[in-house]
Amino acid sequence: MKLFKRILRYLDPISHLGTVNYSFIFPLLSNVTLSILSEIFAYGIAKNPMIVGSYIIFINVAFIIYFAFRDGLKGGITSVVITICYYFYIIQTRHYTGQQLNAAIETTFVLAALYLGVAGIIGWLKQTIDKLIERESDEKNRLQTIVQQLPVGIIITNERGVIVQTNKQLETILGMKMPLGVVAGKDKVITALQDDKPVQASKSPLATALFTGKAVKDKEFVIERPDGKKAYIIVNASAIHNKSGKVIAAVSIITDITEKKEMELRKDDFVNMASHELKTPITSLKLYVELMHQQLKDFKGEKTTKILHSVSKQVHRLQDLVNDMLDVSRLQTGKLSFNKEKCELNNLIEENISELQGTTNQQPILFKKTQPVSVYADTFRISQVLINLITNASKYSPAGSDIEIKLRKEDNQAIISVKDHGIGIEKDQQKKIFERLYQVSGDKEKTFPGLGMGLYISQEIIKRHKGDIWVESEKGTGSTFYFSLPLYQK
Ligand code: ADP
C-alpha cells in the first residue's frame, strides 16, 4: 500500500509542483519504452506496421503534455525529441517513397513544431509556478527562522485559539515545550500567577486578545516551571485581523524579566532591612532630643534651644523618611494592613490642619466645614495621605500663598481636594508622579528635598480603600490634588 502510494506520488505531476529538480531520465525512458511497445504492437500483435500513425499521435501528445507538466522544459523537450526520432524511424522502416515520403517528412516537421510549442508553453508555465511556490516558501522559511531565533518567547494561534507555532525562547522561559494543538483559553498547560492568584486559562492575555480582538499590554505574571523554579514574565498579546477586520490569528510575546525582578526583590529586601535597622536608633534619638529639650529649656540660653529645635526637626524628617521607606517596602511585599472604621472627614481634616498649620511655610491652610461626610477607612492612613498632599502643596509653593482644602460628596463618593498656587506640574508628568521613586526633574523641582515616595504610598493607600487619586495642574499656576473614597454605607 505504501509502495503504491509512493508510486502514485512519483507519477502525479501535481505532487511535483514547487520542486525544481526536473528529471530527464524518466521522460527519456518512458518515451523510448512507448516507442518500443508501439513497435511490438504494430509488428507482433496487430501485424500491420502501418497502424502506428493513427493512435500514436494522441499518446505522444499526452506524453508531451504530461512530462512538460511534470518535469518542465526538460521533460517536455526530451519527450518531443524522442517522439520525433521515433517518427523518423517509422518513415525509415516503412519504406515510404515518392510523394508519400515527402508528405510523411513534412507532417513530421509540422508535428515537431507543434509539439515543441506545446512542450515550451506548458514547461515554461510549470517552471514559473515552481519558482513562485519556491519564493513563497522561502519567505515562509525566513519568517519561521526569525520567529525561532527571536530573543522573546512567541506563541501564535489560529483564529480558533489553537496554538500553531512557538519558538525556542519560549521553551527556555517556561522550562518546557509548549505542545502545539493546545487551545488558548481552554487547555491549561502552565500555572501562571498574578498577584499571587492563579490565572484561569480563559483570562490569559492570548485568550483575552482573541476573544475581545483588543491588544493586552505589559501584563506581569509569575510562572511556576516544571523544574520548581519561578519565572517572572511580561506578556503582550494581540489579535491579528485580516483586511476585512476578521480575527485570523493571535500572537503572544513573552519577555523574561526574572533577573531584573530578582534584583528588584533584593533591593526591596535591602530597603526593608535598612529601614527596620534605622527605625530603632532614630526613635531613641528623637526621645533623647526631646528629653534634652525639656531639661535644658529652663536654664540655658535661646541659642541652645534653637539648635535643639533644629536637631529635633531634622530627626523628625529622618523618622518620616524611614517610615516612608518602611511603607514602600510593606507595599511591595503586600504587608501593609489597614484598620478600617467609620470616620468623619471634616473632623479628620481639621485635626490634621491644626497639627500642620505651624509647620507649613507660613502658608495659611483654608478649609470650610461641610455637612458630616463619613467613610469607612483607616484614619491613620487617610491622615497620612492628607498630610502628604498638604506638605507637598506647601513644599512646592511660595511662602505666604494659600493652601485650600475642600470636601464634597459626589455620587457615592467623598472627594477631598488640596489646592496650591505653586510651581505646578507639566501635563506629561501628571501620571508619572504617582510612580514609585518618581520625581519631576526640572530645574525648579531639583531644589526641593524628597525621595518621590509620598504620592506612590498615597496612591496605594487610596487604591486599597477602593478610591481614586488624581491631579489637575498647570505649570507655573498651581496644582490641585484630589482623592475620592466610597461613602460609609450603614
Ligand atoms: P517627594 O515630594 O518626596 O519628591 P512625592 O511622591 O510626594 O515625592 O511627589 C513626587 C513628585 O511630584 C515631586 O518630586 C514633585 O516633583 C511632584 N509634586 C508633588 N506634589 C506637587 C505639588 N503640589 N506641586 C508641584 N509638584 C508636585
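Helix 10 makes the largest contribution to the shell around the ligand, supplying four residues. The structure is a predicted model. In this model, 22 residues surround the ligand. The closest are N392, Y396, D420, Q439 and L455. By class, the shell divides into eleven nonpolar, eight polar and three charged residues.

Backbone atoms approach the ligand at several points. An oxygen atom of the ligand lies 3.2 Å from a polar backbone atom of L451. For G454, a backbone N or O atom is placed 3.3 Å from a ligand oxygen atom. For V440, the corresponding distance between a backbone N or O atom and an oxygen atom of the ligand is 3.4 Å. The ligand taken alone exposes 530 Å², and the protein buries 96% of that area. Three elements give two or more residues to the shell: helix 10 (379-395), helix 12 (454-463) and strand 14 (478-486).

Strand 14 also belongs to a sheet. This sheet is open and has five strands, in the order 9-11-12-14-13, with mixed pairing. Strand 9 (365-367) and strand 13 (468-474) stand at the edges. Each has a single partner strand, so one side of each is left without a neighbour in the sheet. From one strand to the next, the twist averages 20°.

Within the sheet, strand 12 (residues 413-419) is mostly covered. Five of its seven residues are buried. Strand 12 pairs with strand 11 (residues 403-410) in the antiparallel sense, over seven bridges. In this pairing, V418 of strand 12 stands opposite I405. The two strands, 11 and 12, form a hairpin with two residues between them. D411 sits in the turn and has a positive phi of about 50°.

Strand 12 is joined to strand 14 as well. Seven bridges link strands 12 and 14, which run antiparallel. Here S417 faces Y482 of strand 14 across the pairing. Strand 14 in turn pairs with strand 13, again antiparallel and over seven bridges. S479 in strand 14 is the bridge partner of S473. In a regular strand, side chains alternate between the two faces of the sheet.

Two further positions were examined for burial and for separation along the chain. I433 is found in the loop between strand 12 and helix 11 (443-446). Its relative accessibility is 8%, so I433 counts as buried, the cut-off being under 20%. I433 and F63 are 370 residues apart in sequence. Their C-alpha atoms are 80 Å apart in space.

T166 lies in strand 2 (residues 163-166). At 14% relative accessibility, T166 also falls under the 20% cut-off and therefore counts as buried. T166 and V251 are 85 residues apart along the chain. Their C-alpha atoms are separated by 9.7 Å.

Definitions and conventions
Residues are numbered from 1 along each chain as its sequence is written. This is a predicted model: local features need pLDDT of at least 70, side-chain atom pairs count only at pLDDT 80 or more; totals for chains, interfaces and linings use all residues. Side-chain values use heavy atoms; hydrogens and water are left out. A residue is near a molecule or strand if one of its heavy atoms lies within 4 Å of it. A polar contact is a pair of N or O atoms within 3.5 Å; within protein, one must be able to donate a hydrogen and the other to accept it, and residues adjacent in sequence count only if both atoms are side-chain atoms. Accessible areas come from the Shrake-Rupley method with a 1.4 Å probe; for residues, only the protein chains shown count as cover. Ala, Val, Leu, Ile, Met, Phe, Trp, Tyr, Cys and Pro count as nonpolar, Asp, Glu, Lys and Arg as charged, and the others, Gly among them, as polar. Buried means under 20% relative accessible area, exposed over 50%, partly exposed in between (1.4 Å probe, protein chains only). Two strands pair if DSSP finds at least two bridges between them. Axes are lines fitted to C-alpha atoms, for helices over the stretch in contact, and angles run from 0 to 180 degrees between N-to-C directions.
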